[in-house]
Amino acid sequence: MVDHNKQAHASVATQALAPLAHPTRRQLLATLGAAAGAGVASWLPAGAQAATTTLQCAGAYTDTLFHTQNLQQFAKQAGEASKGALQINVVTNAKLMPMTEVMPALSKGDLAIGEIFMSNFAQQYPLLGIDSLPFIVRSFDDAKRLWEATRQPIEALLQKQGIRVLYTAPWPGQGLFARAPVNKLEDVKGQKFRVNNDATKFIAQVAGATPVDTAANNLAKAIQGGQVDVMVTSSTTGVDSQSWNAMGIFVDMRAWIPKNLILMSEKHWAKLPEDAKKALETASKQAEARGWQLARDADDAAQRVLVEHGTKISQPSYELRRTLDLMGEKFAREWSSKAGVEGASALITYYFPTSKS
């Protein structure tokens with residue numbers, strides 16, 4: 001089928017490019033104007049046309065995890081909001097680079113966007129360890145208030161490193177899995193207690209338990225083999241490790257609710273047109289709201305699976321909660337001395353929010 005419009009455009013363009021025997025200035029301008037209208041601009045080099053900006057994003061986890069699915073949805077929505085001017089390629093499962101290399105790469109501009117587990121960088125930047133302080137929050141609502149109290153100082157800290165915060169998304173809260181009921185900390189005395197950070201090491205020490213360092217990918221085998229009696233981890237990890245094979249108790253104490261951060265290099269951000277920046281901001285807000293809901297949904301779903309397999313779920317007893325709260329105060333004091341004024345101010349804002357009229 002003949003495209004008559006294309007044929008007409010080609011005819012005008014050919015006339016424009018054909019040499020004129022004695023062109024006047026008016027004839028020349030009129031002819032070039034007709035050629036422009038016929039689409040000669042589309043023949044310009046690619047660099048002279050509006051181009052799609054492609055950004056590489058380093059995802060840290062597998063495709064099946066809700067964090068990864070949220071990140072992929074974010075990339076899709078950013079592209080759609082930019083009307084195709086922006087394309088984000090999400091490379092999952094740390095295949096682009098290990099998580100430990102993401103922050104330096106963003107700072108240098110070697111990477112456009114990357115995903116990190118916030119408290120993994122707490123040694124270098126103590127402020128980033130606030131969401132993994134044990135026994136500070138008791139719910140997702142508390143964790144959200146803590147993030148609202150700390151977002152500004154964290155953004156300011158990372159801005160100095162040439163890094164921009166796009167959005168955050170939490171993990172389910174950390175609970176206590178055990179073989180027998182735990183109403184006070186002494187109930188786990190002498191048992192093999194899985195430790196994986198400073199908080200769990202301290203809990204094991206105070207309880208008189210035997211610390212056991214077991215990697216997450218070996219946890220199911222260790223539980224079945226009797227190498228672990230007690231552990232503090234999320235409901236989702238409890239399902240993944242099939243904790244019910246040996247641990248029929250889950251105390252939903254929400255010891256802490258850690259978060260992932262999705263970050264962007266300021267060097268890449270500065271190069272984007274305003275429309276692309278607005279598209280990223282819009283997609284980031286959507287991803288953050290969705291990420292918090294996904295974490296709640298994942299926690300609820302995992303707890304249902306635990307119950308289906310015979311796990312008894314309970315809240316901490318008064319005595320256990322009191323002990324945990326005292327531990328939280330201890331960790332908060334120690335952390336504040338490392339995190340400085342910004343960290344202390346963030347905690348004060350969390351504990352004593354300014355009332356809104």
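I will start in the middle of a sheet: I113, in strand 3, is the bridge partner of C57. C57 belongs to the pairing of strand 1, residues 53–58, with strand 3, which is parallel and runs over two bridges. Keep in mind that this is a predicted model.

Strand 3 has a second partner. Five bridges join strand 3 to strand 10, and these two run antiparallel. One pair to look at is E115 with its bridge partner in strand 10, I262. As a reminder, strands of a sheet pair through backbone hydrogen bonds, either parallel or antiparallel.

How many of the residues of strand 3 are buried? Five of its five, so the strand is mostly covered by that count. The covering is on both faces: I113, E115 and F117 are buried on one side, and G114 and I116 on the other. That split follows the usual pattern, in which the side chains of a regular strand alternate between the two faces of the sheet.

Next, strand 10, and one residue of it, S265. Is S265 buried or exposed? S265 has 0% relative accessibility, and it therefore counts as buried. Its side chain has polar partners on the backbone. A polar atom of the S265 side chain lies 3.0 Å from the backbone oxygen of L106. A polar atom of that side chain also lies 3.2 Å from the backbone nitrogen of K267. Beyond four places in sequence, the residues in contact with S265 are L106, G109, L111, A112 and G162.

Now the cores. The largest nonpolar core has 44 residues, and those with the most contacts inside it are M103, I116, I130, L158, L261, L263 and L347. Elements that each supply at least two residues of this core include strand 3, strand 10, helix 4 at 102–108 and strand 4 at 163–170. Three further helices on that list are helix 5 at 140–159, helix 10 at 274–308 and helix 11 at 318–351. Which helix gives the largest share of the core? It is helix 5, with seven residues.

L347 is a good residue to click on here. Leaving out residues up to four places away in sequence, L347 touches I130, L133, I136, L146, A332, W335 and S336. Apart from this core lies another one, of 25 residues, among them V188, F193, V251 and M253.

V251 takes us to another sheet: L176 stands opposite V251 in strand 9. Strand 5, residues 174–178, and strand 9, residues 249–251, run antiparallel and are joined by three bridges. The open sheet has six strands in the order 7-6-8-5-9-11, with mixed pairing. Its edge strands are strand 7, at 210–212, and strand 11, at 312–314, each of which pairs on one side only. On average, neighbouring strands of this sheet are turned by 25° against each other, direction ignored. Helix 10 packs on the sheet and touches strand 5, strand 9 and strand 11, its direction making about 135° with that of strand 11.

Helix 6, residues 198–207, comes next. A199, T200, F202, I203, A204 and A207 are its buried residues. In general, an α-helix has 3.6 residues a turn, so residues three or four places apart point the same way. What do the buried residues of helix 6 pack against? They pack against strand 6 at 192–194, strand 8 at 230–234 and helix 11. At the start of helix 6, a side-chain oxygen of N197 reaches to within 3.2 Å of the backbone nitrogen of A199. Just after the helix, G208 takes a positive phi of about 75°.

Two other residues have positive phi without being glycine. K83 has a phi of about 60° and is found in the loop between helix 3, at 66–81, and strand 2, at 86–91. With 79% relative accessibility, K83 counts as exposed. A94 has a phi of about 55° and is found in the loop between strand 2 and helix 4. A94 counts as partly exposed because its relative accessibility is 29%, and that class lies between 20% and 50%.

Last, confidence. The mean pLDDT of the protein chain is 86, and 85% of its residues reach 70 or more. Where does pLDDT stay under 50? That is the case over residues 1–49, for which the model has 17 contacts beyond four places in sequence.

Key:
Residues are numbered from 1 along each chain as its sequence is written. This is a predicted model: local features need pLDDT of at least 70, side-chain atom pairs count only at pLDDT 80 or more; totals for chains, interfaces and linings use all residues. Side-chain values use heavy atoms; hydrogens and water are left out. A nonpolar core is a set of buried Ala, Val, Leu, Ile, Met, Phe, Trp, Tyr and Cys residues joined through side-chain atoms within 4.5 Å. Buried means under 20% relative accessible area, exposed over 50%, partly exposed in between (1.4 Å probe, protein chains only). Helices (H or I, at least four residues) and strands (E, at least two) are DSSP runs, numbered from the N terminus. Contact means heavy atoms within 4.5 Å. A polar contact is a pair of N or O atoms within 3.5 Å; within protein, one must be able to donate a hydrogen and the other to accept it, and residues adjacent in sequence count only if both atoms are side-chain atoms. Two strands pair if DSSP finds at least two bridges between them. Axes are lines fitted to C-alpha atoms, for helices over the stretch in contact, and angles run from 0 to 180 degrees between N-to-C directions. pLDDT is the predictor's confidence in each residue, from 0 to 100.
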